[in-house]
Amino acid sequence: PYVIEIYRRKWIVSDRKYDRRKEVLDRRCDQAEAYTQAVTEDFRNIMHDTQIYLLDPDDRRTLERNEARRRWVEQLDMKVFSLGPAIRSLSDKELNSIWDSMMDTMDKLNAAHNKSFQYRFEGDKSIDPASLYKTVQDIWLEYSKLHGDFYKRLDALRNTSLE
């Protein structure tokens, strides 16, 4: 009976440790998901702005869109950035690699957005709007694939990290 009680105690402690680790892992995965969703929302907004700058012939609408973006950035709840470190805290090389690639595509989109801004507001006619529009579409396809890979990896971490 005494030996059984020792084992029972070890099992209880082990179960509590497992539950706690699982709780922390799930919370970090939820934070990582929430952050990538916020980044994706921003990605889509930048993409939409870029497309408007390239294709909308109405200068008034493009100026309104530019002003709306400026207001959105000013009103952004900065707390969202506190979620970003959850990605690195998961300490998974594959997840970090996917995240780094997602940020590379965000950089590509920002470069395209800057070119669209130059085209629309600075009159840079050396920029081909049709070609840049296609580039933006390709960047979105790359980003969305990576975002799906990110979710798959998070799911795998949730399912296998604590087995």
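Helices here are DSSP runs of H or I with at least four residues, numbered from the N terminus. With that in mind, begin the tour of this predicted model by selecting Val3, which lies in helix H1. Add Tyr2, Ile6, Tyr7 and Trp11 to the selection, and you have, together with Val3, a nonpolar patch on the surface whose accessible area comes to about 600 Å².

Next, show helix H1 (residues 2–55) alongside helix H5 (residues 129–160), whose axes come within 11 Å and cross at roughly 175 degrees. Because angles over 145 degrees count as roughly antiparallel, H1 is described as roughly antiparallel to H5. If you colour the contact of H1 with H5 by residue type, you will find 19 nonpolar, 7 polar and 6 charged residues.

Now move to the loop between helix H3 (85–89) and helix H4 (93–121), where Ser91 has its place. Ser91 has a positive phi, near 50 degrees, although this residue is not a glycine, and with 63% relative accessibility it counts as exposed. In the loop between H3 and H4 you can also select Asp92, which is buried at a relative accessible area of 10%. Asp92 forms a salt bridge with Arg153, their closest N and O atoms being 2.7 Å apart, and since Arg153 lies in helix H5, the pair ties together parts that are 61 residues apart in sequence.

Finally, select Arg61, a partly exposed residue, whose side chain meets that of Asp56 in a salt bridge at 2.8 Å, N to O, and that of Asp58 in a salt bridge at 3.8 Å. Asp56 is buried, at 13% relative accessibility, whereas Asp58 is partly exposed, at 22%.

Methods:
Residues numbered from 1 in each chain as written. Predicted model: local features only at pLDDT ≥ 70, side-chain atom pairs only at ≥ 80, totals over all residues. Heavy atoms only, no water. Axes fitted to C-alpha atoms, helices over the stretch in contact; angles between N-to-C directions. Helix = DSSP H or I, 4+ residues; strand = E, 2+ residues; numbered from the N terminus. Parallel < 35°, antiparallel > 145°, perpendicular 65-115°, else oblique. Nonpolar A, V, L, I, M, F, W, Y, C, P; charged D, E, K, R; others polar. Patch = residues over 30% accessible without salt bridge, like charges linked within 9 Å, V, L, I, M, F, W, Y side chains within 5 Å. Areas by Shrake-Rupley, 256 points an atom, 1.4 Å probe, with all protein chains shown as cover. Salt bridge = Lys/Arg side-chain N within 4 Å of Asp/Glu carboxyl O. Buried < 20%, exposed > 50% of the residue type's maximum accessible area, 1.4 Å probe, protein only.
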